[in-house]
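Trainee: I would like to learn how to read a protein model, feature by feature. Could you walk me through this one?

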Amino acid sequence: MQFAKRLQPLQFNVFADMDKAKAKALAAGRQLIDLSLGSADLPAASHVVDAIAQSLYDHNTHGYLLFHGTQGFRQAAAQWYEQKFGTAVDPETEVLPLIGSQEGTAHLPLAILNPGDFALLLDPGYPSHAGGVYLASGQVYPMPLRPENDFLPVLADIPTPVLAQSRMMVLSYPHNPTSAIAPLSFFQEAVAFCQQHNLVLVHDFPYVDLVFEEKEIEDSKSIAPSILQADPQKTVSIEFFTLSKSYNMGGFRIGYAIGNGELIRALRQVKAAVDFNQYRGILNGAIAALVGPQDSVKVSVDKFRQRRDVFVNALHRIGWQVAIPKATMYVWAKLPQPWSQNSVEFCTQLVEKTGVAASPGAGFGKFGEGYVRFALVHEPGILETAVSRIAEFL
Ligand SMILES: Cc1ncc(COP(=O)(O)O)c(C=O)c1O
């Protein structure tokens, strides 16, 4: 059988190799501590689950859901955004429900790129961003993220011929995997750059709430900026949100895009050929999450902060001096010798010998090599055990 050429770049996937290594460790009787996936182990709030459960018994929720039927959800998302960031959003033209934010960021390149066009992506970055570009027969230009630049790309370094053929730039802060936060001043620079070079500016923002500010945040306002704060007229920008992280709803597959009306319309056109929106019952749960009590968000953030402290302190005690993340559910750790250029080998051996699974930095791009990402998706006691096993391994 012959398959399309666009599948070829999707075949290199170090996470598939890691899955094999995990299976091997399990078969050898190791007790797995899986810190490789950013899938929260915490439950969705009960008022959210109740809203979904009640919807199941309402047969009016069982049919196809056309765009018009998503109005309540779009209004809830617009209200949520306005409360958090103070910018007005039109729920009719500037909000689009998604089947998880990954669905949206992966489909958007189909609306923007012609074959061969470049997308400027963060490296290291979330692998699906590149996947979406490849599915649209585009080319990826990786913008290196280096610790000396606080893991922000240097826009002036993008070569002119690449820029001439580029149609979009994808940012994502707080950043997976490095945990870096971008200041508003960087977003302002990025907006001006994209306006100047006629680029669409995409901001993937799943960790909007997962920020560990030491002082209390007034009115639950986020300290991680939104790209639309730097582009309040929504001239070039579109931002992607998810309920997977803030509301522990990853399995429910619900997210949304907010931004420039033309971009929203274009993405809607692509999606209209692909899906009929998420199930209405899940939209009802998402409305309950967005407009209902927000205490569960704070509970999650406090838990991840506590886990971060336990895990990072334990690593420091065994002599691994990792940076303390200010956001996200990840620890991005520079590998010690002799692993400093072989993250896949480190992770494969670590899981096979100790049962502790982590993600190799190389899986997030060329400039992720030399690092490993730990996801803090277990309780503190288990994280301590993981570090003891890592210590033995090292
Ligand atoms: C940067 C980034 N974007 C998107 C996603 C996936 O979000 P969703 O569950 O809404 O598809 C993740 C999940 O880890 C992520 O880290």
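Trainee: Let's begin with Ser 244: where does Ser 244 lie relative to S7 and S8?

Mentor: A good habit is to place a residue among the elements of the chain before looking at its contacts. Ser 244 sits in the loop that runs between S7 and S8. Keep in mind as we go that this is a predicted model.

Trainee: Does Ser 244 count as buried or exposed?

Mentor: The word depends on relative accessibility, and buried means under 20%. Ser 244 has 14% relative accessibility, so it counts as buried. Its side chain also makes a polar contact, at 2.9 Å, with the side chain of Thr 242.

Trainee: Which residues come nearest to the ligand?

Mentor: Ser 244 and Thr 242 are both on that list, together with Asp 204, Tyr 207 and Arg 253. These five come nearest among the 14 residues around the ligand. To get a feel for the surroundings, sort the shell by residue type: 4 are nonpolar, 7 polar and 3 charged.

Trainee: Which atoms of the protein lie 2.7 Å from an oxygen atom of the ligand?

Mentor: Here you should separate backbone from side chain. In the case of Ser 101, a polar backbone atom is 2.7 Å from a ligand oxygen. For Asn 176, an N or O atom of the side chain is 2.7 Å from an oxygen atom of the ligand. Arg 253 likewise has a side-chain N or O atom 2.7 Å from a ligand oxygen. As for cover, the ligand taken alone exposes 400 Å², and the protein buries 93% of that.

Trainee: Back to the strands, then. How many residues of S8 are buried?

Mentor: For a strand, count the covered residues, then ask which way each one points. S8 spans residues 255-259, and 5 of its 5 residues are buried. Gly 255, Ala 257 and Gly 259 point one way, while Tyr 256 and Ile 258 point the other way. Both sets are buried.

Trainee: Which strands pair with S8, and in what sense?

Mentor: Look for bridges on either strand, then for the direction. Strand S2, residues 95-98, pairs with S8 in the antiparallel sense over 4 bridges. In that pairing, Pro 97 is opposite Tyr 256. Strand S7, residues 237-242, is also antiparallel to S8, over 5 bridges. There, Phe 240 is opposite Ala 257.

Trainee: What is the order of the 7 strands in the open sheet?

Mentor: Read from one edge to the other, the order is S2-S8-S7-S6-S5-S3-S4, and the pairing is mixed. S2 and strand S4 (139-144) are at the edges with a single partner strand each, so one side of each has no neighbour in the sheet. On average, neighbouring strands of this sheet are turned by 25° against each other, direction ignored.

Trainee: Which strands here run parallel?

Mentor: One such pair is S3 (residues 118-123) with S5 (residues 166-171), joined by 4 bridges. Ala 119 is opposite Met 168 in S5.

Trainee: What is the order of the open sheet formed by 3 strands?

Mentor: That order is S9-S12-S11, with antiparallel pairing. Strand S9 (330-334) and strand S11 (359-360) are the edges; each has a single partner strand, so one side of each is left without a neighbour in the sheet. S11 pairs with strand S12 (residues 371-375) over 2 bridges. Ser 359 has Arg 373 in S12 as its bridge partner.

Trainee: Let's try some other residues. Why does Ser 226 count as buried?

Mentor: Its relative accessibility is 0%, so Ser 226 counts as buried. Ser 226 lies in the loop between strand S6 (200-204) and helix H8 (227-230). A polar atom of its side chain is 3.1 Å from the backbone nitrogen of Leu 228.

Trainee: And where are Leu 283 and Ser 296 found?

Mentor: Leu 283 is in helix H10, residues 280-291, and at 3% relative accessibility Leu 283 counts as buried. Its C-alpha is 7.5 Å from that of Ile 254, although the two are 29 residues apart in sequence. Ser 296 is in helix H11, residues 295-317, and counts as partly exposed at 25% relative accessibility. Ser 296 and Pro 43 are 253 residues apart along the chain, with 9.5 Å between their C-alpha atoms.

How values were computed
Residues numbered from 1 in each chain as written. Predicted model: local features only at pLDDT ≥ 70, side-chain atom pairs only at ≥ 80, totals over all residues. Heavy atoms only, no water. Near = heavy atom within 4 Å. Polar contact = N/O pair within 3.5 Å; in protein donor to acceptor, adjacent residues only side chain to side chain. Areas by Shrake-Rupley, 256 points an atom, 1.4 Å probe, with all protein chains shown as cover. Nonpolar A, V, L, I, M, F, W, Y, C, P; charged D, E, K, R; others polar. Buried < 20%, exposed > 50% of the residue type's maximum accessible area, 1.4 Å probe, protein only. Pairing = 2+ DSSP bridges. Axes fitted to C-alpha atoms, helices over the stretch in contact; angles between N-to-C directions.
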